[in-house]
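Student: I am new to this structure. Please take me through one part of it closely, the disulfide, and show me how it sits in the whole.

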Amino acid sequence: QVQLVESGGGLVQAGGSLRLSCAASGLTFSNVNMGWFRQAPGKERDFVAAISPFGFRTYYPDSVKGRFTISRDNAKNTVYLQMNSLKPEDTAVYYCGVELRQYGSRWSVPRDDYWGQGTQVTVSS
């Protein structure tokens, strides 16, 4: 039912920028939080950003705050992640998620099929 397709990943040098896109279908897009997670090799999947249904509220961990910006276009059922000042530590597979929520202090999604397939971001030094 829910389908999320990420795009925009690639290889960039440290200090560079990338803009990720996530096209969603199978849900009432404008009614839910959307966001991004990432998973580096050998590490757990970590929260990156979230945005409220109409974009009035955004959330970021300290690791990306001031460098990454999440946005959405509800008319296109698309959420974006603008990543600036990229660091090698940002290297990971980036996943789009639907209906992001905080479970205690941890951000996640309520169903396993609320993840996209991921797009690789590699930052070289």
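Tutor: Here is the disulfide, set in its surroundings, with one more residue afterwards.

Keep in mind that this is a predicted model.

Begin with the whole chain. The protein has 12 strands and 0 helices. Read from the N terminus, every element in the run is a β strand. The C-alpha atoms fill a box of roughly 40 × 30 × 25 Å along the principal axes. A compact globule of 125 residues would have a radius of gyration near 14 Å, and the protein has 13 Å, so the two agree. Of the 125 residues, 42% are buried.

Now look at how the chain meets itself. Take the contacts with a separation of 6 or more: 56% of them are between residues 24 or more positions apart. The disulfide is a link of that long-range kind, as its positions show.

The structure holds 1 disulfide. A disulfide is a covalent bond between the sulfur atoms of two cysteines. Here the partners are Cys-22 and Cys-96, with 2.1 Å from S to S. Cys-22 belongs to strand 3, residues 18-25. Cys-96 belongs to strand 9, residues 92-98. The two are 74 residues apart, so the bond links distant parts of the chain.

What is the handedness of this link? The link of Cys-22 and Cys-96 is left-handed, with -80 degrees about the S-S bond.

Are the two cysteines buried or exposed? Buried means a relative accessible area under 20%. Cys-22 has 0%, so Cys-22 is buried. Cys-96 also has 0%, so Cys-96 is buried too.

Next, turn to Val-12. Val-12 lies in strand 2, residues 10-13. Its relative accessible area is 12%, which means that Val-12 counts as buried. Val-12 and Leu-86 are 74 residues apart in sequence. In space, their C-alpha atoms are 8.1 Å apart. Leu-86 is also one of the residues in contact with Val-12. Beyond its neighbours within four places in sequence, Val-12 also touches Ser-17, Leu-18, Thr-122, Val-123 and Ser-124.

Finally, step out to the surface. The protein exposes about 6,600 Å². Carbon and sulfur atoms supply 45% of that area. As for charge, there are 13 positive and 10 negative side chains. The centres of these two sets lie 4 Å apart.

To go back to the part you asked about: Cys-22 in strand 3 and Cys-96 in strand 9 are joined by a disulfide.

Methods:
Residues numbered from 1 in each chain as written. Predicted model: local features only at pLDDT ≥ 70, side-chain atom pairs only at ≥ 80, totals over all residues. Heavy atoms only, no water. Helix = DSSP H or I, 4+ residues; strand = E, 2+ residues; numbered from the N terminus. Rg over C-alpha atoms; globule rule 2.2 N^0.38 Å. Buried < 20%, exposed > 50% of the residue type's maximum accessible area, 1.4 Å probe, protein only. Contact = heavy atoms within 4.5 Å. Areas by Shrake-Rupley, 256 points an atom, 1.4 Å probe, with all protein chains shown as cover. Lys, Arg positive; Asp, Glu negative; His and termini not counted. Charge placed at Lys NZ, Arg CZ, Asp CG, Glu CD. Disulfide = S-S within 2.5 Å.
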